[in-house]
Structures are given as C-alpha cells and as structure tokens.
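This report introduces a protein structure to a reader who has not met it before. Please keep the sequence and the three-dimensional view at hand while reading.

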Amino acid sequence: MRLDEIAARLNCRLEGPGDLEITGVAGMDEATPNQLTFLANRKYRPKLRTTRAGAVILGLDEPSPGRPALRSDNPYLVFARALELFTPPPKPAAGIHPTAVIAPGVKIGRNPSIGPYVVIEEDVELGDDCVLKSFVVIYRGAKIGNRFLAHAHAVVREHCRLGDNVILQNGAVIGADGFGMARDAGRWIKIPQVGAVRIGDDVEIGANTTIDRGELEDTVIEDGVKLDNQIPVAHNCVIAAHTGIAGCTGISGSVTIGRECMIGGGVGIVGHIAICDRVTISGMTLVAKSITRPGTYTSGLPMMPHAQWLKNAAHLRRLDRIAGRAGRALSGEDRERADDH
C-alpha cells in the first residue's frame, strides 16, 4: 500500500514522499525499509536514529525523524488502525459444526459460526453474526446480542445478558456463582446466588477473567468496558462505561467503579466501596476506602535492595511510638490542628 494511501485512510498528515510502498507494520527494532513503525513514547525517541523503518507514525510536535512520516495527535491509535489495515482478522467459516449440541428452541440470528463441541442450552438467544469457537458453553436462558465473539472454552452462565459486539477471550466465565457464604456452627453454608450478570455493548473480557453473578441484584458491566486477563470481579459489582482494568486486579464484592477509570495491574479493591468517575489507580495499589475525587492514586513501595528494605521496615515499626511521643508533646491547640490536617 502506498504511504499516501495509508495517510488518507488513517486521516494523518503526510510528511515526505507518498509513493513509498509499505508492506506492513513493525516495532522500531524489527522494522524493514518497506515497513511502517511508530513513536508513541518519547523515551524511545533515540531509536529513530537506528530504526530501518521506511516511515514512522509520530506526534504533531515531534522533531523531524529524517524519513517519511505520518503525523497525528494520537500516534498509538493510528498505529493500531494501521495494524488493522495490514492484518485484518480472519473471516470465520459460516455454519454450525455437526458436533455442536444445541437445545431445541434456541434462537440463533443470521450468519452464525458455531464451532466444534459448542454446547448451547435451552431458551438461549443469539444475535446476528455471532462466532462461537470450540468448546464454548452457553447456559440456559442467556440472551446475547449481535456480533458476539467467544473464544474457545469461554462460558456464559444461566440468564446472563450480553449486548452487541462483546468479545470473550479464552476461558472467560460470565455468571459464575458469587462467593456468598454464611457461618453455621463453624461450617460454611452456601448462599444461593439468584442474580445474573448484565454486560453492555462493545465490552471485551480477557482470558480467564471471571465475573460473578449477583446474590440478589445483577452484577453490571456497562458499555465500552475493557477487562484484561485474570481479573476476578465479585458479585454485585458495577463497572461503569469505558473503564479499563489491567490484569490480575482483584475486585471484591459490591464495589462500584465509575466511568472512564484506568486501573493498573495487580490492584486490590476491598468490598463495599465506590470509586468515582475518571480515576487512575497505579499498579499494585491497595484501595481500602472509597475514592470520591477524580485523579491518580498510588500506594505501596517501589522495589529496592533487600538490605535497604529491612532498614525501612524497621523504621516503619517504630512510627507508632514516634507518633505517640509527638502527640503527647503537642499542646491541645497544636494537637487539634494536627488532627484536622
């Protein structure tokens, strides 16, 4: 594809000759003279001097790279769309594989692609252009919209509701029982989980991520939410529209997360709290209380040499005594000002 054609299709400003033939997209280290690369993080700017790429996608304010360029205010997004141009997703084979087990009365929309050993139970509804890869299981009563894509071994449990353009990666489970238990003379008694899961449009659920059904009310994942791999979402949570959550974050029960939040990997969120809209939480943070103001939140200590960590831990153990002595030394008025702070 000519570079000027790519610029037109991606709505970029072309800098340099447009007749360069581009055969694909690659990273700076791997790109060849007929490939397109990108710069979205300024710390990689020195690689512009060494990359063999024929052309580069970069921001509007970046200095000239000394080669043809596509300029954009969002170079990473342009890179993603360039990948789509050169590597369109394969078109699945239409039809229903003979090994699929489909209950009588299941409603399946137009142009389905249902792979080997798929199981669809009674009273299920599937919209148009749905793709179910091998060993997908849809429990009874589930209702799923158009252009659903479920990769192998994904599961949608009973009575869950999924909107249009939902993607389930391998092993995702929608609607497993929530972890609801009551104590009875030292034993755990399972509480029936009679809610379901409701998922909006344009949602993607990562591999082996689990979303538990509600105990009484539904667990809700709103439009445009993107969940990475291996995230447990406990019962009765609500994740509002266009929030993105990275892998291995653990979300306890009855948590409400607002719109357009960005949550890093390995975050832990305790139960029965709320996080407001447009909050960014750094990776490995422990969220132990509600967040009521937008902004970036971080906890935990960064990596350090073990010997230094031992010294710092010893200091931390003494903080309570130090704070106690300081508190006793304050006058009443000073102590009141300190408490307010």
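The sections below treat the sheet, a threonine, the salt bridges and a surface patch in turn.

## Basis of the report

The structure is a predicted model. Residue numbers start from 1 along the chain, in the order in which the sequence is written.

## The open sheet

Nine strands form an open sheet with parallel pairing, in the order 8-11-14-17-22-25-28-31-34. Its edges are strand 8 (107–108) and strand 34 (274–275), each of which pairs on one side only.

At one of these edges, strand 34 runs parallel to strand 31 (residues 256–257), and two bridges join them. Ile-257 has Ile-275 in strand 34 as its bridge partner.

## Thr-219 and its surroundings

Strand 25 covers residues 219–221 and includes Thr-219. This residue has a relative accessible area of 0% and is therefore buried, as that term applies under 20%. Leaving aside residues up to four places away in sequence, Thr-219 touches residues that include Ala-196, Val-197 and Arg-198. Ile-211, Asp-212, Arg-213 and Gly-214 are also among its contacts, as are Val-233, Ala-234, His-235, Asn-236 and Cys-237.

Two backbone nitrogens lie beside polar side-chain atoms of Thr-219. The nitrogen of Asn-236 is 2.9 Å from a polar atom of that side chain, and the nitrogen of Gly-214 is 3.5 Å from such an atom. Ser-113 stands 106 residues from Thr-219 along the chain, and the C-alpha atoms of the two are separated by 28 Å.

## Salt bridges

The model has a count of 16 salt bridges. One of them pairs Asp-29 with Lys-47, with 2.9 Å between the closest N and O atoms. Asp-29 belongs to the loop between strand 2 (24–25) and strand 3 (35–38), while Lys-47 belongs to the loop between strand 3 and strand 4 (55–59), so the pair ties together parts that are 18 residues apart in sequence. Asp-29 is exposed, at a relative accessible area of 54%, whereas Lys-47 is partly exposed, at 27%.

Another salt bridge joins Glu-62 to Arg-42, where the closest N and O atoms are 3.4 Å apart. This pair links distant parts of the chain, 20 residues apart: Glu-62 is in the loop between strand 4 and strand 5 (69–72), and Arg-42 is in the loop between strand 3 and strand 4. Glu-62 counts as buried because its relative accessibility is 9%. Both residues also take part in a network of salt bridges that links Arg-42, Arg-45, Asp-61 and Glu-62.

A further salt bridge is formed by Asp-123 and Lys-143, with the closest N and O atoms 3.4 Å apart. Asp-123 sits in the loop between strand 10 (119–120) and strand 11 (125–126) and Lys-143 in strand 14 (residues 143–144), so this bridge ties together parts that are 20 residues apart in sequence. Strand 14 is also listed in the order of the open sheet. Lys-143 is buried, with a relative accessible area of 18%, while Asp-123 counts as partly exposed at 46%.

## A nonpolar surface patch

Leu-301, Trp-309, Leu-310, Leu-316, Leu-319 and Ile-322 make a nonpolar surface patch of about 590 Å². Of these residues, Leu-301 is located in the loop between strand 37 (295–297) and helix 3 (306–329). Its relative accessibility is 59%, so Leu-301 counts as exposed.

Note on methods. This is a predicted model: local features need pLDDT of at least 70, side-chain atom pairs count only at pLDDT 80 or more; totals for chains, interfaces and linings use all residues. Side-chain values use heavy atoms; hydrogens and water are left out. Patches are made of residues with over 30% relative accessible area and no salt bridge: like charges are joined within 9 Å, nonpolar side chains (Val, Leu, Ile, Met, Phe, Trp, Tyr) within 5 Å. Accessible areas come from the Shrake-Rupley method with a 1.4 Å probe; for residues, only the protein chains shown count as cover. A salt bridge is a side-chain nitrogen of Lys or Arg within 4 Å of a carboxyl oxygen of Asp or Glu. Helices (H or I, at least four residues) and strands (E, at least two) are DSSP runs, numbered from the N terminus. Buried means under 20% relative accessible area, exposed over 50%, partly exposed in between (1.4 Å probe, protein chains only). Two strands pair if DSSP finds at least two bridges between them. Contact means heavy atoms within 4.5 Å. A polar contact is a pair of N or O atoms within 3.5 Å; within protein, one must be able to donate a hydrogen and the other to accept it, and residues adjacent in sequence count only if both atoms are side-chain atoms.
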